[in-house]
Amino acid sequence: MRISDRFLTNSFLTNLNGNKEQVSKIQRQISTNSKIEKPSDSPTGAARVVRLVKQLDQNEQYRNAINQAIEFTNTSASVLDQMKENGTRASVILTELKNPVNKMIKGNYEEQLKNIYDIFIELANSKHEGRYLFGGTDSVNQPIIKNSAGYVEINSDFIDGRQMVKIGDNLDQQINLQGDEIFKGFANFTGNLNINEASKTFTNVIEGLDGKKYTGEAVFTKTGADTFDMQFNIKDGATTLYTLNQNLQIDLNTNRIVSINGGTPQSVKIDLPANNISFVFDTRHLTFYDRPTTAKFSDGGPDIFNTLLQVRQLVENQEEVPSEYSKVFDKFFSNLTDKITKLGNITNKLNDTLQVQDSMNVDLTDLLSKTKDTDVAKAIVDLQYYDYILNLSYKSSSMILPKSLMDFI
């Protein structure tokens with residue numbers, strides 16, 4: 001079989017160009033530190049790189065979310081510490097007021113109590129990056145306000161909402177303390193009451209200043225397409241101590257209460273001095289949809305805000321401050337300590353998860369590097385080899401390519 005010179009020349013040029021492309025490719029790999037320039041270089045490697053980069057990006061999103069959540073919980077813990085500090089000051093004042101000598105300087109205590117009350121309101125409405133710390137999932141309304149009637153009430157529709165953060169593929173974490181967990185004492189309705197339900201009964205616990213517990217019972221009865229009657233009773237065993245009746249008018253467009261007893265919806269301050277009962281009752285935050293009932297009714301009792309107002313009023317009137325008020329502060333401190341501990345546990349979990357994410361990122365980055373990055377030492381050896389072959393090719397070409405037909409005449 002005869003092999004023509006044209007075939008030898010074409011074969012040589014093909015090999016020469018192949019060597020030149022290989023040298024150029026290795027040079028690019030060294031300069032870019034990437035051995036996969038296009039999917040065809042390594043289909044399986046390219047697919048693995050895409051998966052690893054996607055997972056790294058996802059982990060980075062989780063890390064950012066965790067860091068923001070840690071900032072949120074740290075801010076919350078700081079605010080709770082300030083609450084505890086100011087609450088301690090209030091307890092000290094109550095102790096000092098038991099001394100008859102100190103009653104002569106009541107003006108000083110009035111001012112201190114006013115300052116503590118103002119600070120408590122401010123702390124209760126603290127924000128972090130535009131979100132209320134203790135407003136649940138309501139980022140529009142202040143959680144706690146002093147209303148036109150002069151007492152404090154819950155102003156948030158979703159104060160019991162949970163702020164959740166995704167910190168892993170299958171891991172969500174609540175990062176907030178619900179307002180109703182901290183500011184106990186408000187007999188507050190939240191959630192939805194099925195507008196088509198004929199009657200619904202809710203019960204809760206009403207606690208007096210002295211710690212005695214009573215039963216609260218709220219019965220909602222549908223009286224029209226957009227009206228409900230609500231009767232709330234406070235019972236001591238079989239004896240009814242108090243009854244509150246409300247007619248609720250519902251706006252079927254907004255599914256919210258637009259009037260109570262024909263007037264503007266408002267909370268009700270319930271005071272039964274004979275039983276040491278004092279709390280705020282509130283139905284305003286209920287919604288009424290044709291959906292399953294999810295409404296919750298929090299327990300009632302003395303809250304820290306209205307207790308401070310009452311203590312201040314007693315001091316202004318030069319009246320004795322009953323020892324029962326100290327119990328309110330003690331319970332508040334105890335609950336606050338529990339919530340600070342809960343926040344600490346959340347922060348610890350976030351930090352632990354962050355460490356796991358950091359460790360995963362190190363492993364993923366290492367895998368990505370092994371899959372994608374150029375082994376520079378090996379590439380240099382390969383470059384020297386192909387460069388040597390290329391030089392040999394050039395020497396061979398000097399002997400083969402100059403030949404022409406004249407060389408055979």
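1. Two strands count as paired if DSSP finds at least two bridges between them; helices (H or I, at least four residues) and strands (E, at least two) are DSSP runs, numbered from the N terminus. Strand β7 (residues 186–190) pairs with β15 in the antiparallel sense over 2 bridges, and T190 stands opposite K296 in β15.

2. This is a predicted model, in which local features need pLDDT of at least 70 and side-chain atom pairs count only at pLDDT 80 or more, while totals for chains, interfaces and linings use all residues. Residues are numbered from 1 along each chain as its sequence is written, and side-chain values use heavy atoms, with hydrogens and water left out.

3. β7 and β15 belong to an open sheet of 4 strands with mixed pairing, in the order β13-β14-β7-β15. β13 (268–272) and β15 (296–297) are the edge strands, each with a single partner, so one side of each has no neighbour in the sheet.

4. The largest nonpolar core (buried Ala, Val, Leu, Ile, Met, Phe, Trp, Tyr and Cys residues joined through side-chain atoms within 4.5 Å; buried means under 20% relative accessible area, exposed over 50%, partly exposed in between, with a 1.4 Å probe and protein chains only) has 54 residues. Helix α2 gives the most to this core, with 12 residues. Domain 1 (42–184 + 303–385) and domain 2 (185–302), with bounds from an automatic or database domain assignment, both contribute, so the core lies between them.

5. Q68 is in helix α2 (residues 43–97). Its relative accessibility is 45%, so Q68 counts as partly exposed.
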